[in-house]
Amino acid sequence: MRKWVSYLIPIVSLILFIVVMQGGCYYLTSLFDRDIIPAYVEQVDMDLRAERWDDARENLNRLDLAWKKTIPKIQYHAEMDAIDGIKMNISRLNGSIDAQDLGLSLAELNELLEHWENLTN
């Protein structure tokens, strides 16, 4: 019996670790709020195209909060470069909205979407 348990514990531990490390796509796509980030990006995009800068800033703040809640769920699955890329895009987008630069804002928003698509694949 002891020999059997001594084999079972490491095998179960390894299986558990593999499920946790490879389950990032499940965490990212199966949550009830999986469409929150693309929805906020779409809202910011519509606000930017209509040049409603205050609404764009408000939706960007909501996007930033949603992103900060998503990071712990995907940090084991995603590469840190992708996570840092989205963080940088949000901060640069914040600055371009402050400057009311439409071209730079749309470029940052599209790059943010590209990073998000790479995370979900």
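**Exercise 1. Asn59 and its surroundings**

In which helix does Asn59 lie? Work out its burial and its partners in this predicted model.

*Solution.*
Step 1. Place the residue: Asn59 belongs to helix H4.
Step 2. Check the accessibility. Asn59 has a relative accessibility of 9%. Buried means under 20%, so Asn59 counts as buried.
Step 3. List the contacts, leaving aside neighbours within four places in sequence. Asn59 is in contact with Tyr40, Gln43, Val44 and Asp47.
Step 4. Look for a polar contact. The side chains of Asn59 and Asp47 make one, at 2.6 Å.
Step 5. Follow Asp47 further. Asp47 also belongs to a network of salt bridges with Arg52 and Asp55.

**Exercise 2. Salt bridges between helices**

How many salt bridges does the structure hold? Take two that join helices and describe their ends.

*Solution.*
Step 1. Give the total: the structure holds 8 salt bridges.
Step 2. Take Arg57 and Asp98. Their closest N and O atoms are 1.8 Å apart.
Step 3. Place both ends. Arg57 is in helix H4 and Asp98 in helix H5 (residues 80–98), so the pair links distant parts of the chain, 41 residues apart.
Step 4. Compare the exposure of the ends. Arg57 is partly exposed, at 23% relative accessible area. Asp98 counts as exposed, at 53%.
Step 5. Now take Glu108 and Arg92. Their side chains form a salt bridge of 3.1 Å, N to O. Glu108 lies in helix H6 and Arg92 in helix H5, so this pair ties together parts 16 residues apart in sequence.
Step 6. Check the burial again. Glu108 is buried, with a relative accessible area of 8%. Arg92 counts as partly exposed, at 36%.

**Exercise 3. A salt bridge within one helix**

How many residues apart are Lys68 and Asp64 in helix H4? Relate the spacing to the helical turn.

*Solution.*
Step 1. State the spacing: Lys68 and Asp64 are 4 residues apart in helix H4.
Step 2. Recall the geometry. An α-helix has 3.6 residues a turn, so residues three or four places apart point the same way.
Step 3. Apply this to the pair. Lys68 and Asp64 are separated by about one helical turn.
Step 4. Confirm the interaction. The two side chains meet in a salt bridge of 3.5 Å, N to O.
Step 5. Add the accessibility of the acid. Asp64 counts as partly exposed, at 22%.

**Exercise 4. The nonpolar core and its aromatic pair**

Which residues of the largest nonpolar core touch the most other members? Trace the helices that supply the core, then classify the aromatic pair.

*Solution.*
Step 1. Name the residues. The core has 24 residues, and Leu48, Trp67 and Leu119 touch the most other members.
Step 2. Assign the helices. Helix H3 (36–49), H4, H5 and H6 each supply at least two residues of this core.
Step 3. Find the main supplier. H4 gives the largest share, 8 residues.
Step 4. Set this against the general pattern. In soluble globular proteins, nonpolar side chains tend to be buried together.
Step 5. Count the aromatic pairs: there is 1.
Step 6. Classify the pair. The ring centres of Trp67 and Trp116 are 6.4 Å apart and the planes stand at 80 degrees, so the pair is edge-to-face.
Step 7. Locate the rings. Trp67 is in helix H4 and Trp116 in helix H6, 49 residues apart.
Step 8. Check the burial. Trp67 counts as buried at 2% relative accessibility, and Trp116 counts as buried at 5%.

**Exercise 5. Helix H6, end to end**

How many residues does helix H6 have? Assess its span, its start and its buried residues.

*Solution.*
Step 1. Count: H6 (residues 102–120) has 19 residues.
Step 2. Check the span. H6 reaches 27 Å from its first C-alpha to its last, close to the 27 Å expected at 1.5 Å a residue.
Step 3. Inspect the start. A side-chain oxygen of Asp101 comes within 3.4 Å of the backbone nitrogen of Gly103.
Step 4. List the buried residues. In H6 these are Ser105, Leu106, Glu108, Leu109, Leu112, His115, Trp116 and Leu119.

**Exercise 6. Ile71**

Is Ile71 buried or exposed? Find its contacts.

*Solution.*
Step 1. Place the residue: Ile71 lies in helix H4 (residues 53–74).
Step 2. Read the accessibility. Ile71 counts as buried, at 16%.
Step 3. List the contacts. Not counting residues up to four places away in sequence, Ile71 touches Ile83 and Lys87.
Step 4. Take the Ile83 pair. The C-alpha atoms of Ile71 and Ile83 are 7.5 Å apart, with their positions 12 residues apart along the chain.

How values were computed
Residues are numbered from 1 along each chain as its sequence is written. This is a predicted model: local features need pLDDT of at least 70, side-chain atom pairs count only at pLDDT 80 or more; totals for chains, interfaces and linings use all residues. Side-chain values use heavy atoms; hydrogens and water are left out. Buried means under 20% relative accessible area, exposed over 50%, partly exposed in between (1.4 Å probe, protein chains only). Contact means heavy atoms within 4.5 Å. The expected span of a helix is 1.5 Å times one less than its number of residues. A polar contact is a pair of N or O atoms within 3.5 Å; within protein, one must be able to donate a hydrogen and the other to accept it, and residues adjacent in sequence count only if both atoms are side-chain atoms. A salt bridge is a side-chain nitrogen of Lys or Arg within 4 Å of a carboxyl oxygen of Asp or Glu. A nonpolar core is a set of buried Ala, Val, Leu, Ile, Met, Phe, Trp, Tyr and Cys residues joined through side-chain atoms within 4.5 Å. Rings of Phe, Tyr and Trp (its six-membered ring) pair if their centres lie within 6.5 Å; planes under 30 degrees apart count as stacked, over 60 as edge-to-face and the rest as tilted.
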